[in-house]
Structure formats: C-alpha cells, structure tokens
Amino acid sequence: MSRMVLFGPPGAGKGTQGQMLAEHLGIPQIATGDILRAAVKEGSELGRQAKSYMDAGDLVPDGIMVEMIRERLKADDASEGYILDGFPRTVAQAEALDDMLEAIGQTLDAVIHIHVENEVLVERLSGRLLCRDCGATYHTRFSPPAKDRVCDQCGGELYQREDDQEETVRSRLTVFEERTQPLVEYYRRQGIYQKVDGDREPQAVRDAILAALGTD
Ligand code: AP5
Ligand code: MG
Ligand code: ZN
C-alpha cells in the first residue's frame, strides 16, 4: 500500500515517472493536469472553468482542485494506494488533502521531489509531444517516436500541449517557484519529503524513486 505524491516543476518528469511507477506498483496514477485537459476536451463545466487558467499557465483555483481530488480518491481503484501527479500544488491544497486523509484514518507515505534545473525543463517542454489517443509522452530529441508525429503504441496523432509555448512555460516555472515550492518545507516538517535527481535517464530516475520508497 502506498499513497505518494510526485512533486516537481513543469517538465520534471512527473507524468513519465507516474506512468512507469503505476505499472510497476499496480496502483493508479492520478494526474490533475490530465483530468483537467480531458474536461476541457469534453467541454464540461469543469473544463470551461479551468481552460483560461491553464492556457495562461496559472493555477486553477484551490476549491475546484480539492473537490476534484476528493471525488477521485473515493473511486475503488484508489483503495490500495495511488500516485498523485500535479496535486497538491499549494499549501492550501496540501492542508485540504491532509484533512481529507485524516478523516478516514490515513496519511501520505511519501512525497518525492523530482528535481531538474530550469534550462533543462524549458528544453524538455518545448520538445514534448503527446498522443491524442492514449496520452503517451514523447520528446522530439530525447525520446522521438519511430514515425514522425505518430504514436508508437497506438498509431494516434502526436500533438504539442497548448501551454508548452516558451512564454507560457516561463509563467508556469514562476508559478511553481512562488506557489508550489513552499510545499517542500511543509512536507519536510512531516518527515515524508525526499528529493531525487531527475536529470538522468528515465529508468535511472525510476530506480532512484523506488529506492527512496524502499520498494526496489
Ligand atoms: P500539469 O499537466 O500537471 O503540468 P505541469 O505540472 O506543468 O507538468 P508537466 O505535465 O508539464 O510536466 P511533467 O512533470 O509531467 O513532465 P513529463 O513527464 O511530461 O498541469 C497543467 C496545468 O493544469 C497547470 O498549469 C494548471 O493550470 C492546472 N493544474 C493541474 N493541477 C493543478 C493543481 N493541483 N492546482 C491548480 N492547477 C492545476 O516530461 C516532460 C518532457 O520531458 C516530455 O517530453 C518527456 O518525454 C521528457 N522527459 C521526461 N523525463 C525525462 C528524462 N528523464 N530525460 C529526458 N527527457 C525526459
Ligand atoms: Mg504531466
Ligand atoms: Zn498513443
């Protein structure tokens, strides 16, 4: 049983590692950004509320995010643990999550900070490609698909995220530093914070995370 948070700036590899770890550990990856993008695509009320914040690289308001997580954690597949990717992102969200867990007698087991320098993050995000159909992640230089703009796994079309334009990436990095970085202290105080170097091969990052979790 493991309830963990993958923490880190835009482009650190939360999605990449979340996918690998979910497969390895047999628990779901819960990625708030993915849930929001799906809502935008569907054109739901949530999607309409979130879109302008996302396009600007700003955070969606805490109230919306906390309710989203509250609902998602109730699902059956979350009963044996989960990997949170992209939540919490503010101290208010972290406090709300702690309250939610406390109410059912649970706590978080680990918060893993995937650390990568800003120049590398910008490079990663400007080359990122995603599959429209299955969500698989590629990079034009670091992990290119075999065939241009086509997903290796499902043949779907690859696209660039709206918020991966350089100017928006800069805003997202600033938002991370101002609003999300304070969580490092928050979780350090709880004694569950661990930092891993995210600037190496994805497999090596995965192994470092598993070692930090003590499950390798
Ligand atoms: P979200 O989707 O969570 O975006 P993010 O946090 O900015 O992170 P990314 O998904 O961009 O990066 P990642 O760490 O997953 O990296 P990836 O593995 O893809 O959120 C989007 C928006 O939604 C937010 O801006 C906000 O508006 C809203 N939102 C979401 N959650 C919210 C919340 N809780 N509160 C408020 N608002 C919220 O990797 C990046 C690239 O690098 C890829 O191309 C990949 O192939 C490559 N790569 C990965 N690992 C490596 C490696 N080891 N070596 C080389 N390349 C690598
Ligand atoms: Mg992601
Ligand atoms: Zn695909």
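**Close-up 1. V91, at the protein surface or under it?** Here a residue counts as buried under 20% relative accessible area, as exposed over 50%, and as partly exposed in between. V91 comes out at 28%, so in this predicted model it is partly exposed. V91 sits in helix α5, and once its neighbours within four places in sequence are set aside, V91 is in contact with P182, L183 and Y186. D62 is 29 residues away from V91 in sequence, with 9.7 Å between the two C-alpha atoms.

**Close-up 2. The largest nonpolar core and one of its hubs, I69**. This core has 30 residues, and the ones with the most contacts inside it are I69, L73, L84, L97, L108, V111 and Y187. At least two residues each come from β1, α3 (45-56), α4 (62-72), β3 (81-85), α5 (91-103) and α8 (183-190). Helix α5 gives the most, with 5 residues. Zoom in on I69 and, leaving out neighbours within four places in sequence, you find it in contact with I30, T32, L84, F87, L97 and M100. There is also a second, separate core of 22 residues, with I114, V122, L125 and V205 among its members. As a rule, nonpolar side chains in soluble globular proteins tend to be buried together.

**Close-up 3. A cis peptide bond between F87 and P88**. Omega for this bond is about -5°. P88 belongs to the loop that runs between β3 and α5. F87, on the other side of the bond, is one of the contacts of I69 from the previous view.

**Close-up 4. The second largest pocket**. Its volume is about 220 Å³. The lining is made up of R3, I69, R70, L73, K74, A78, S79, Y82, M100, L101, I104 and Q106. Sorted by class, that gives 7 nonpolar, 2 polar and 3 charged residues. Helices α4 and α5 each put at least two residues into the lining. I69 and L73 turn up again here as lining residues, having already appeared among the best-connected members of the largest core.

**Close-up 5. L158 and R149, a buried residue and a partly exposed one**. L158, in strand β7, has 0% relative accessibility and so counts as buried. Not counting residues up to four places away in sequence, L158 touches L129, L130, C131, Y138, P145, R149, V150 and C151. One of these, C131, is 27 residues away from L158 in sequence but 4.4 Å away from C-alpha to C-alpha. Another, R149, has a positive phi of about 60° even though it isn't a glycine. R149 lies in the loop between β6 (137-139) and β7 (158-159); its relative accessible area is 41%, so it is partly exposed.

**Close-up 6. Helix α9 and what it packs against**. Spanning residues 202-213, this 12-residue helix reaches 17 Å from its first C-alpha to its last, close to the 16 Å expected. Its buried residues are V205, R206, A208, I209 and L210. An α-helix has 3.6 residues a turn, so residues three or four places apart point the same way. The buried residues of α9 pack against β1 (2-7), α1 (14-25), β4 (110-115) and β8 (193-197). V205 is also listed in the second core, the one with 22 residues. Just past the helix, G214 adopts a positive phi of about 75°.

Note on methods. Residues are numbered from 1 along each chain as its sequence is written. Chains are lettered from A and ligands numbered from 1 in the order in which they are written. This is a predicted model: local features need pLDDT of at least 70, side-chain atom pairs count only at pLDDT 80 or more; totals for chains, interfaces and linings use all residues. Side-chain values use heavy atoms; hydrogens and water are left out. Helices (H or I, at least four residues) and strands (E, at least two) are DSSP runs, numbered from the N terminus. The expected span of a helix is 1.5 Å times one less than its number of residues. Buried means under 20% relative accessible area, exposed over 50%, partly exposed in between (1.4 Å probe, protein chains only). Contact means heavy atoms within 4.5 Å. A nonpolar core is a set of buried Ala, Val, Leu, Ile, Met, Phe, Trp, Tyr and Cys residues joined through side-chain atoms within 4.5 Å. On a 1 Å grid over the protein atoms alone, a cavity is a set of points where a 1.4 Å probe fits but cannot get out, and a pocket is an open set with protein on both sides within 12 Å along at least five of seven lines; lining residues have an atom within 4 Å of a point. Grid points are joined across faces, edges and corners, and a volume is the space filled by probe spheres set on the points. Ala, Val, Leu, Ile, Met, Phe, Trp, Tyr, Cys and Pro count as nonpolar, Asp, Glu, Lys and Arg as charged, and the others, Gly among them, as polar.
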